[in-house]
Structure formats: structure tokens, C-alpha cells
Amino acid sequence: MALREWLLGALLSAGPGAWIVLLGVLLLSWLALRPLRLLRGPDEVGYAGEAGCSRAEAARRARRSRRLGQLPPVYPNGWFRLLDSAQLARGEVRKVAALGEQFAVFRNSEGKVCVVDAYCPHLGANLGVGGQVVGSCIECPFHGWQFDGESGKCVRIPYAEKVPEFAKIKVWPSCEVSDMVLVWYHCDGIDPTWRVPDREEFLPRPCPFRGLTEHFVNVHIEEIPENGADTAHLSFLHRHAFLSGADLRYMDSPFWTFFRHHWQADWHPDPEPNAHCSRLQLKHSITLFGKHFSFMDLRVSAWQVGPSLVFLVLRFPLLGQGIIVQSVTPVQPLMQQVIHRIYFQKNVPAFIPKMVLRAECSQFERDVMIWNHKQYLSKPLLVKEDGAIQRHRRWFSQFYGEKSPKITSQKESLDW
Ligand SMILES: NC(=O)C1=CN([C@@H]2O[C@H](COP(=O)(O)OP(=O)(O)OC[C@H]3O[C@@H](n4cnc5c(N)ncnc54)[C@H](OP(=O)(O)O)[C@@H]3O)[C@@H](O)[C@H]2O)C=CC1
Ligand SMILES: CC(C)CCC[C@@H](C)[C@H]1CC[C@H]2[C@@H]3CC=C4C[C@@H](O)CC[C@]4(C)[C@H]3CC[C@]12C
Ligand code: FES
């Protein structure tokens, strides 16, 4: 008897109990295998909520009362994530607001992604809201003008005798790397001066996608990568067990003092031709009751590529290897959309990278609570051991130009 018939017979003759066990097993394996997805809203993480005050109110109060400091320009030059590739099917159009711009992002009939200015040059309709993909073009929802996604030229006006030669829309340089749709932003409008490597260049082994986290952080974009050069904060802010949560007020609880994270870190910029890259080499270990447990030893090679993308190569001697891709997109002058996507070697059960990402998320959310409330100090009071901070600021200044947009005054509305 074929296996299939046997299985069917066994199930039909088994009582409801077997069915419940089977359904339970299927549900557990689905939960274990499906990618992790932790999405945190702008007010959800990193604010000190008080009794009788909602998180949203606590966030509003924190933003209102905050002193910004003398900020660098708010939109540096470089490659930035607009969408995940999976968010844009063939023939799909999306509106994306970031970098002080409005983009219409679409995938044409051949599957290529195009990024154009959202506002139609005819009468200003937003192509990202109701625009349709017609072959390699995007069609405006208002009067039907069609623009080619690669040249930007208007190729059809349904009601006009002829199409004016000068009718075109701005096309932004874009690419798809490591499951992300990226746009090139430069204050002088020049073409891309470097490319974004795929994650396989950092970790040349097949690593399936195991999950993502999304956060919105109320901070200037430069403060996030500066965290990588701020090696002193690792041994202080990130010393508490990741299980003790991310609220700065409570994570130093007596219950968790037996569990400590230990860090060694070195940050340095890369030499030409990768001067737009820098690298943080981290060595991490944990102690329980003062005893070193090597199963959580971890080496991280965090490659910062430009102002907004980081490839964190994770190497556990026992748990395996993987890579976290971090993207930071300024959706407002002081609101960063931060996404972490983890990919991990195939032969490691999915629950391990999902646990690693949860642990990373918990540690990252501590940084978020600092960033949401801090002031940017253009002249920080540093000691010798903070030397990497100034080196990082010199390195990062390469991404600003004369015309990079700045926040002009403290009064700039911070509510968005
Ligand atoms: N295309 C691009 O733009 C870029 C590509 N790359 C490529 O990515 C690949 C991966 O880079 P990478 O992961 O750094 O290569 P490796 O992990 O091989 O790093 C090179 C050496 O650095 C040491 N090292 C690595 N991680 C750590 C750590 N966390 N702490 C201390 N020492 C460490 C190791 O020395 P040991 O084990 O002996 O202690 C290792 O042999 C490289 O081939 C690089 O060329 C990198 C940057 C940009
Ligand atoms: C306990 C284990 C499993 C989890 C450890 C997570 C560690 C490695 C994570 C938590 C927070 C992370 C940092 C969060 C933010 C940044 C800024 C980025 O521009 C460079 C990397 C850097 C500096 C990350 C380095 C790695 C980091 C320190
Ligand atoms: S506004 Fe786009 S076609 Fe008229």
C-alpha cells in the first residue's frame, strides 16, 4: 500500500486527538519557520511613559521639550532604502516620502524598479497615488500622461496632437540590492559615485532570510552610525542582560545582575577606493554569575557602507554565521526609519537567528531611548578614549555638501 494511502487510512481511523496533535505540530513548525516580524511604531519604543500619560502623549511631550543642538545637514548624500523588494510587485506603484522628497516607485513590466518624482509636471497629481504601470512607463491618474521610467520622457498624452519634446519627469538613480529598493540622493544632483555591495560579498554563503525589525527613531541620522564609533557606550549601556528589556529606567534590575554582556570594539574608516565605508569590529561574550559561557561568544564585523546602510557579519563559533542588514532612512528631518533584516546559514534552525534578532532588537531599543531624548552636541566634551567619535565625524562629513539641506531654526516644527 502506498505511503499516501496508509497515512490517509491512519488519519481517518485515528480519533480527534490525533488530529489535534497533527494540527498542533503543523502550527508549531509554521511558527518556528516563518520569518520574525517585529514592527514598532514611532511612539511605541524609547519613550518614558508615565502613569496616566499615553505613550503617544509621552512621545509628543519629549519632542516638544527637546533642545536639538547645532545639527549637521539632515539629508546626507548616498544610497538610501525606500522599500523592501518584496513590497513592490511587477506592475505595482508606491508613494514614498523620504529625504525631503516625494517619490513614485514602480516596477515595470520587465520587473525593473524605477524611481521618479511623485508630482506630475502637467498639473501636479501624485503619480504614486493611483498611477498605473503601462509597459515601461508610469501613467498619471489625472489626465493619463505617460512617462518612461528610465528616461523620464513623456511618451503619450491621450488627448494631445503631439507630445512636447521637453515634457519629462525627474528620474532618480535607483538599484535593488540585498532585497531592498535603494535610491541615490545627492544634494548636487550628481550620479552615484559608489555602489552598494550585495550581502554575499560580506558573507559568501547561502543565508535564507529569517526576519526583520522596524523602528522609527527621533534623531539626526548621523547619530546612529556614530554609535558604531562610540565604543565606550557598548560596555555601559549594553552591559545589562538583553532579557532585562530596553527601558533605561528598569534594565539594571537586581534580578539580572548575574547575566552580563562584555564588549571589545574597534572602529576605523576604510581606505580608498572604499573611503565611503567604515568598519566596526566587535567581540562579544557573556558571563553568568561571573563565569564565561562561550556558546554566546560572537564576533561582529559591522561594515558601514555610506551614511545609511550597514552589513553586520555575525560569527558565532557554535551557533553559526549570518548577516544583519541595517538600513536607516530619514523619512523626516529628525525621524529615521531603521530596518534590520537577518539572514542566517541554512543548516541552523530558524529559531536561533530569530532569537539573535530579538536580542539585537532589545539592545538596539536601548539606543533608541537614548536617541529619542538626547541633544546633538556639535562640540562634545570628549576624553582620549572617545577618540573614535571625532574620527567618525570627520569621516561622515564626506557625505555633506554645500547644498545639503539643514534645519534652519529650533522652531522648526517637530511634530509630524
Ligand atoms: N565591496 C565592498 O564594498 C566591501 C567588501 N568587503 C568584503 O567583505 C568581506 C568580509 O569582510 P570581513 O567579514 O571583515 O572579513 P573577515 O571576517 O575575513 O575579516 C578579516 C580579518 O579580520 C579579523 N576579524 C574579523 N572580524 C573581527 C572582529 N569582530 N573582531 C576582531 N577581529 C575580527 C579576523 O582576523 P582573525 O580571525 O585572524 O582574528 C579576520 O581574519 C571581505 O572579503 C571584504 O573584502 C568589505 C567591505 C566593503
Ligand atoms: C547578545 C547578542 C546575541 C546580540 C548582540 C547585539 C549587538 C551585536 C548589537 C545590538 C545593537 C547593535 C548596534 C546598533 C547600532 C549600530 C549603528 C550602526 O551604524 C553600526 C552598528 C551598530 C553599532 C550596532 C552594532 C551591533 C549591536 C551592538
Ligand atoms: S496631472 Fe498628470 S496628467 Fe495631468
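## A tour of the largest pocket and the ligand 2 site

Start with the largest pocket, which holds about 380 Å³ of space. Keep in mind that this is a predicted model.

Select the pocket lining next: 18 residues. Center the view on Glu226, Asp230, His233, Lys374 and Ile389, the lining residues closest to the middle of the pocket. Now show the secondary structure. Helix 4, helix 5 (231–237), helix 6 and helix 7 (387–396) each give two or more residues to this lining. Color the lining by class. Nine residues are nonpolar, two are polar and seven are charged.

Move on to ligand 2. Where does ligand 2 sit? Ligand 2 occupies the largest cavity. Trace the elements that give its shell two or more residues each: helix 4 (223–229), strand 14 (259–269), strand 15 (277–288), strand 16 (291–305), strand 17 (309–316) and helix 6 (351–371). Helix 4 and helix 6 are listed for this shell, and helix 4 and helix 6 are also listed for the pocket lining.

Select the whole shell around ligand 2. It has 19 residues, and the closest are Ile224, Pro225, His261, Gln304 and Gln326. How much of ligand 2 does the protein bury? Alone, ligand 2 exposes 610 Å², and the protein buries 97% of that area.

Color this shell by class too. Eleven of its residues are nonpolar, seven are polar and one is charged.

Finish by zooming in on Gln304. One of its polar side-chain atoms lies 3.0 Å from an oxygen atom of ligand 2. Draw that distance in the viewer to close the tour.

Methods: Residues are numbered from 1 along each chain as its sequence is written. Chains are lettered from A and ligands numbered from 1 in the order in which they are written. This is a predicted model: local features need pLDDT of at least 70, side-chain atom pairs count only at pLDDT 80 or more; totals for chains, interfaces and linings use all residues. Side-chain values use heavy atoms; hydrogens and water are left out. A residue is near a molecule or strand if one of its heavy atoms lies within 4 Å of it. A polar contact is a pair of N or O atoms within 3.5 Å; within protein, one must be able to donate a hydrogen and the other to accept it, and residues adjacent in sequence count only if both atoms are side-chain atoms. Accessible areas come from the Shrake-Rupley method with a 1.4 Å probe; for residues, only the protein chains shown count as cover. On a 1 Å grid over the protein atoms alone, a cavity is a set of points where a 1.4 Å probe fits but cannot get out, and a pocket is an open set with protein on both sides within 12 Å along at least five of seven lines; lining residues have an atom within 4 Å of a point. A molecule sits in a cavity or pocket if more than half of its atoms lie within 2 Å of its grid points. Helices (H or I, at least four residues) and strands (E, at least two) are DSSP runs, numbered from the N terminus. Ala, Val, Leu, Ile, Met, Phe, Trp, Tyr, Cys and Pro count as nonpolar, Asp, Glu, Lys and Arg as charged, and the others, Gly among them, as polar. Grid points are joined across faces, edges and corners, and a volume is the space filled by probe spheres set on the points.
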